[in-house]
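Let's take a walk through this model together, one chain at a time. Have the viewer open as you read.

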Amino acid sequence: MTQAIKINNLNYQYDDTQTLFDDFNLTIESGQWVALVGHNGSGKSTLAKLVLGLIAANAGEITVFGVPLTVETVHEIRGQIGMVFQNPDNQFVGATVADDVAFGLENQQLPSNDMPSRIDEALNIVGMQAFKDREPHTLSGGQKQRVALASVLALAPKIIILDEATAMLDPDGRDTVMQTLQALKARFGKALTLITITHDMDEATLADRVVVINDGQLILDGTPAAVFSQRDLMHDNGLALPFAGELAAQMQPAPANYLDERELIQWLSRLKK
Amino acid sequence: MNNIMIGRFVPGDSFIHRLDPRTKMIGTFLYILVMLWANSWASYAWTAIFVLGLIRLTGQPFKLYWDGLKPIFWLILFTVVLQLAFTPGTPVLYRLGPVVITTPGLINAIYVMIRFVLIILMSTILTLTTPPTSIANALEMLLGPLKKIKVPVAELALMLSIALRFVPLLMDETQKIMNAQKSRGMGFSTGGPVKRAKAIIPLLIPLFVGALQRALDLANAMEVRGFRDAVQRTKYRVLHYEKNDGLAFAGLFVFVVVFVVTKRLF
Amino acid sequence: MAITFEKVNFSYGAGTTLAHAILHDVTVNMPSGQVTAIVGQTGSGKSTLVQHINGLLKPTQGRVVVDDFELTARTKEKQLMQLRQKVGIVFQFPENQLFANSVLEDVMYAPLNFGADKVAAQAAAETALRRVGVAEALWQKSPFELSGGQMRRVAMAGTLASDPSVVVLDEPAAGLDPKGQAELLQLVLELKSLGKTVVFISHHMDHVVAVADQVVVMHDGRVVAKDTPAVLFNRDLDWFKKMKLDLPKAGQFAEKLTAAGMKLPERPLTLTQLATAINTEVGHE
């Protein structure tokens with residue numbers, strides 16, 4: 001399998017005194033959906049900024065599809081990675097939805113005539129084509145985040161990182177963004193590497209792989225089932241299990257293995273019979 | 001905050017809406033230039049008729065324009081009173097101590113008021129029918145020749161369009177911070193200028209900090225989407241002059257000709 | 001301190017072309033010393049409603065009574081100080097209101113405005129900072145040097161420092177991680193135990209169930225229900241769909257169980273209730 005992102009012996013300090021990452025290693029395979037989880041301040045967002053070269057590491061190596069991140073390659077690497085940030089308002093560059101999606105295309109110097117079709121296509125994927133001419137302040141938070149996702153998709157990146165993209169949304173907005181992500185994954189499959197940074201465990205269950213970080217340390221790494229079977233370790237790191245996991249822990253008798261929501265419901269309905 | 005009409009865009013599909021923003025900007029500029037040159041009732045009447053005609057063409061209710069005038073009512077009144085009170089001449093209509101109201105003063109005051117109102121109405125037509133980005137875009141193209149003398153036109157236009165995009169957001173933010181500090185007992189400042197200046201610190205600091213944070217976030221978002229500089233970019237919105245723009249320029253020409261004739265004759 | 005809304009209507013820009021009605025004929029009361037949760041989808045009028053409690057907005061028609069203070073369209077601006085001393089509001093993302101050179105100074109802002117002298121204001125600020133759990137080592141620091149979670153606490157202390165009898169919290173848990181959310185709910189219960197009247201806006205039904213004595217449901221600017229959580233969340237599922245409201249997670253899970261053939265006697269509201277109900281159900285067989 002190709003390695004989408006490889007982080008080797010990463011060192012990063014906030015200032016001269018506070019070390020966040022010390023000899024940190026992580027490899028993300030191409031085509032995976034990885035949930036990077038941890039409580040606020042655990043370092044998960046900083047990691048994303050390091051990968052994109054928005055901040056510089058003190059030591060260590062980051063490679064993206066085999067290309068080491070350096071001052072010379074940073075623009076090439078950013079061309080491969082799309083990122084959606086937490087605050088929906090602070091990443092909306094254009095005056096309208098279409099203008100915002102166009103922003104990245106303009107930077108790529110795509111000919112003007114080719115833009116409308118690319119914009120329509122991207123907006124179609126996230127279900128925002130009907131809002132093409134709307135101004136940002138007339139949209140809900142969830143809609144703005146879907147536009148941000150379309151702006152990223154228009155650039156056809158191989159990797160998309162969502163940095164707490166649902167943290168500021170209401171439940172409705174969060175649901176639509178998560179549905180959009182699932183649709184994306186279904187559409188692009190292995191051609192798209194998806195990294196969602198979150199502290200919502202119900203979101204993390206959707207991923208192929210969950211990586212738990214605390215204070216710049218990798219705590220747990222594995223399938224959702226493997227990670228969420230470590231209930232005590234999760235609690236020690238200020239995290240809860242998905243609802244089904246917390247419920248299963250209170251069942252008498254408890255199921256032998258970790259079950260996700262669908263599996264738990266099946267298990268329970270069989271118990272009854 | 002909701003009733004500020006200046007600079008507000010109202011979407012529509014009128015003749016004026018569909019014009020190229022450059023046409024509208026040139027038209028507005030030319031109109032104001034010509035109008036300031038009016039000096040008789042007849043010439044003012046013609047400029048007013050022209051504006052009212054344009055307002056009809058925008059397909060928007062006159063009430064919207066009227067709302068646009070309201071916020072600057074006091075400014076107009078102030079200027080009118082100044083003109084009224086301090087224009088010397090004869091005949092004198094009214095005298096109260098140092099204040100002398102003369103016929104030329106009265107006429108001047110009315111002229112000034114008409115000018116004010118017409119300038120506001122004309123600019124409201126522009127902003128009401130043109131999205132802010134189009135204005136920035138048009139400005140960039142119209143000022144294009146200045147690039148030759150090293151004026152960073154592309155950068156300025158991008159800055160302008162981003163600034164315009166953040167105006168509603170910052171207005172909203174101001175309101176929120178004001179609400180928060182009022183809830184914490186921020187009073188309506190009484191006392192000397194120093195005390196008053198101090199009283200607005202709890203508003204200004206959060207506003208600046210917030211704006212700075214937004215700027216940093218936005219810079220990150222722009223960089224991640226491949227932004228390197230404002231010059232090496234293509235454009236999504238390309239401006240084209242259409243047949244209607246020809247018509248509009250013809251209309252402007254007629255306006256100027258009639259104006260000159262009116263000025264000569266009456 | 002009880003809060004009563006009587007036939008309150010509110011429109012923005014009343015009398016202009018852009019007049020926009022937000023609240024329609026709202027009559028509701030929030031009993032003294034209890035936690036009242038206000039829920040409803042975004043845009044249903046929740047924030048507009050609570051801004052009437054301390055007079056940031058005045059009713060276009062009708063009146064709001066907080067203790068012995070009556071707020072109507074005619075209430076004068078300078079009388080509002082008296083009301084705002086009784087009612088503290090913590091807004092969504094309150095860390096955006098911080099401004100002072102030090103944490104302590106920021107928290108002293110409200111008591112000073114409401115007439116306390118420096119010594120009393122500092123004492124009040126210290127009490128508030130302890131209550132929300134801001135370590136003393138941080139008190140002299142600039143609020144802008146703190147982490148997001150700490151800034152949120154300082155901002156909350158900034159509202160609590162004037163010791164209001166009514167505390168309104170507008171989505172206070174937004175953006176917090178699970179640990180921060182749990183601490184916040186604990187604080188709400190602590191405020192209640194101090195005898196304060198708490199009004200709590202939230203999208204999280206689990207938070208509502210955890211702290212609320214009663215729930216007010218807003219929809220399109222109207223109050224459409226007011227009940228205890230136990231009664232409210234046992235309503236018909238269709239009603240929640242219509243109001244675009246979630247059930248608490250335990251209730252959602254129970255609905256899925258029902259669909260899979262295991263029907264629980266009544267809809268559980270919390271994880272513990274759900275677990276007990278399932279264990280009983282399974283044990284009986």
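## Chain B: fold and extent

Starting at the N terminus, chain B runs through its elements in the order α-α-α-α-α-β-β-α-α-α-α-α-α. That makes 11 helices and two strands. Please keep in mind that this is a predicted model.

How spread out is chain B, set against a compact globule? Its radius of gyration is 23 Å, whereas the globule rule gives 18 Å for 266 residues, so chain B is more spread out than a compact globule. Taken along the principal axes, the box filled by its C-alpha atoms is roughly 65 × 60 × 40 Å. Burial fits into this picture as well: 25% of the 266 residues of chain B count as buried. Among the contacts in chain B with a separation of 6 or more, 76% join residues that are 24 or more positions apart.

The domain assignment divides chain B into domain 1, made of 1-130 + 237-266, and domain 2, covering 160-229. Over C-alpha atoms, the centres of domain 1 of chain B and domain 2 of chain B are separated by 33 Å.

## What the records add

An unreviewed UniProt entry lists residues 28-52, 72-94, 106-129, 149-171 and 246-262 of chain B under "transmembrane region". For chain A, UniProt lists residues 5-240 as "domain: ABC transporter", again from an unreviewed entry. The table sets out what the model shows over some of these spans.

| Span | Helix | Strand | Distance between end C-alpha atoms |
|---|---|---|---|
| Residues 5-240 of chain A | 35% helix | 25% strand | 27 Å |
| Residues 106-129 of chain B | 100% helix | 0% strand | 35 Å |
| Residues 246-262 of chain B | 100% helix | 0% strand | 24 Å |

Both listed spans of chain B in the table are helix throughout: residues 106-129 of chain B are 100% helix, and residues 246-262 of chain B are 100% helix too.

## A helix of chain A with two sides

Helix α4 of chain A, residues 115-125, is a nice one to look at down its axis. Which of its residues are buried? They are Met115(A), Arg118(A), Ile119(A), Ala122(A) and Leu123(A). These buried residues cover an arc of only 125 degrees around the axis, which puts them on the same side of α4(A). On the other side of α4(A), you will find Ser117(A) and Asn124(A) exposed. The cover over the buried residues of α4(A) includes α3 and α5 (141-153) of chain A. After α4(A) comes Gly127(A), with a positive phi near 70 degrees.

## Where chain A meets its partners

Next, the contact between chain A and chain B: chain A contributes 29 residues and chain B 27 residues. On the side of chain A that touches chain B, α2 (74-80) and α3 (97-107) of chain A each supply at least two residues. Which element gives the most here? It is α3(A), with seven residues. By class, this side of chain A has 13 nonpolar, 12 polar and four charged residues. As noted above, α3 of chain A is also part of what covers the buried residues of α4(A).

Chain A has a contact with chain C as well, which takes 29 residues from chain C and 24 residues from chain A. On the side of chain C that touches chain A, the elements giving two or more residues are α5 (148-160), α6 (178-193), α10 (249-259) and α11 (271-284) of chain C. The largest share, seven residues, comes from α11(C). This side of chain C divides into 11 nonpolar, 10 polar and eight charged residues.

## Inside chain C

How is chain C divided into domains? The assignment gives domain 1 (3-233) and domain 2 (247-285). Their C-alpha centres lie 34 Å apart. Where they touch, six residues of domain 1 of chain C are in contact with seven residues of domain 2 of chain C. On the domain 1 side of that contact, the elements that give two or more residues are α7 (205-211) and α8 (229-232) of chain C. Here α7(C) has the largest share, three residues. By class, the domain 1 side has five nonpolar residues, no polar ones and one charged residue.

Terms used. Residues numbered from 1 in each chain as written. Chains lettered and ligands numbered in written order. Predicted model: local features only at pLDDT ≥ 70, side-chain atom pairs only at ≥ 80, totals over all residues. Helix = DSSP H or I, 4+ residues; strand = E, 2+ residues; numbered from the N terminus. Rg over C-alpha atoms; globule rule 2.2 N^0.38 Å. Buried ≥ 20, exposed ≤ 12 C-beta atoms within 10 Å, placed from the backbone. Contact = placed C-beta atoms within 7 Å. Nonpolar A, V, L, I, M, F, W, Y, C, P; charged D, E, K, R; others polar. Domains from an automatic or database assignment. UniProt positions renumbered as here; feature names shortened; annotations may be inferred. Arc of directions from axis to C-beta.
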